[in-house]
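Trainee: Could you take me through one part of this model slowly? I'd like a close look at a single turn and the strands around it.

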Amino acid sequence: MITAGPVLTAMLASEHKLRRSEFGPELRAGFCLMGACQDCWVWQEEGVRLRACSTSIAEGMRLRTTPPEGWS
Ligand code: FES
């Protein structure tokens with residue numbers, strides 16, 4: 001289990017993907033890895049959106065790969 005580093009690293013280590021593309025069935029895994037491309041958006045359970053590549057994992061963090069209902 002990864003306990004430090006970017007959220008993206010932990011998610012790819014456990015799932016080998018970050019999310020599904022919103023435009024088709026393709027799997028996404030981030031692209032630039034430096035906070036510029038916005039391909040790695042994930043959401044905290046409370047609805048806060050964050051970039052997985054530039055956010056450090058934290059104990060107790062609960063994430064989702066799709067926007068919560070009503071998120072805009
Ligand atoms: S991978 Fe490009 S912003 Fe995160």
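Trainee: In the hairpin of β3 and β4, which residue takes a positive phi, and how many residues sit between the strands?

Mentor: The residue is G47, with a positive phi near 105°, and the hairpin of β3 and β4 has four residues between its strands. Before we dig in, two housekeeping points. This is a predicted model, so to speak of a local feature we need a pLDDT of at least 70, and side-chain atom pairs count only at pLDDT 80 or more, while totals for chains, interfaces and linings use all residues. Residues are numbered from 1 along each chain as its sequence is written.

pLDDT is the predictor's confidence in each residue, from 0 to 100. The mean here is 92, and 100% of the residues reach 70 or more. Handily for your question, confidence is highest in β4, at 96, while β1 has the lowest mean, at 90.

Now the names. Helices (H or I, at least four residues) and strands (E, at least two) are DSSP runs, numbered from the N terminus. The protein has one helix and five strands, and along the sequence they follow the pattern α-β-β-β-β-β. Its radius of gyration (taken over C-alpha atoms) is 12 Å, close to the 11 Å from the globule rule for 72 residues, so the protein is as compact as a globular protein of that length. That rule is 2.2 Å times the number of residues to the power 0.38.

Back to your hairpin. Two strands pair if DSSP finds at least two bridges between them. β3 and β4 do so over three bridges, in the antiparallel sense, and V42 stands opposite L50 in β4. Strand β3 covers residues 41-44, and β5 is also an antiparallel partner of β3, over two bridges. In β5, R64 is the bridge partner of W43, and L63 is that of Q44. Put together, that makes an open sheet of three strands in the order β4-β3-β5, with antiparallel pairing. The edge strands are β4 (49-51) and β5 (63-64), each pairing on one side only. As a reminder, strands of a sheet pair through backbone hydrogen bonds, either parallel or antiparallel.

What does the hairpin sit with? Look at V42 again: V42 belongs to the largest nonpolar core, along with V7, L8, M11, L18, C40, A52 and C53, eight residues in all. A nonpolar core means buried Ala, Val, Leu, Ile, Met, Phe, Trp, Tyr and Cys residues joined through C-beta atoms within 7 Å. A residue is buried if 20 or more other C-beta atoms lie within 10 Å of its own, exposed if 12 or fewer, and partly exposed in between, with C-beta atoms placed from the backbone. The largest share of this core, three residues, comes from α1. In α1, the buried residues are V7, L8 and M11. They cover an arc of only 95° around the axis, which puts them on the same side of α1 (the arc is that of the directions from the helix axis to the C-beta atoms). β3 and β5 are among what covers them.

C40 is another core member. Leaving out residues up to four places away in sequence, C40 touches L8, L18, G30, R51, A52 and C53; contact here means C-beta atoms, placed from the backbone, within 7 Å. C40 and A29 are eleven residues apart in sequence, and their C-alpha atoms are 6.9 Å apart in space. A29 lies in the loop between β2 (27-28) and β3, and A29 is partly exposed, because 16 other C-beta atoms lie within 10 Å.

One last thing to compare with G47: L33 has a positive phi of about 60° although it is not a glycine. L33 is in the loop between β2 and β3 and counts as partly exposed, because it has 17 C-beta neighbours inside 10 Å. H16 also has a positive phi of about 60° without being a glycine, and sits in the loop between α1 (7-15) and β1 (19-20). With 9 C-beta neighbours inside 10 Å, H16 is exposed.

Methods
Two residues are in contact if their C-beta atoms, placed from the backbone, lie within 7 Å.
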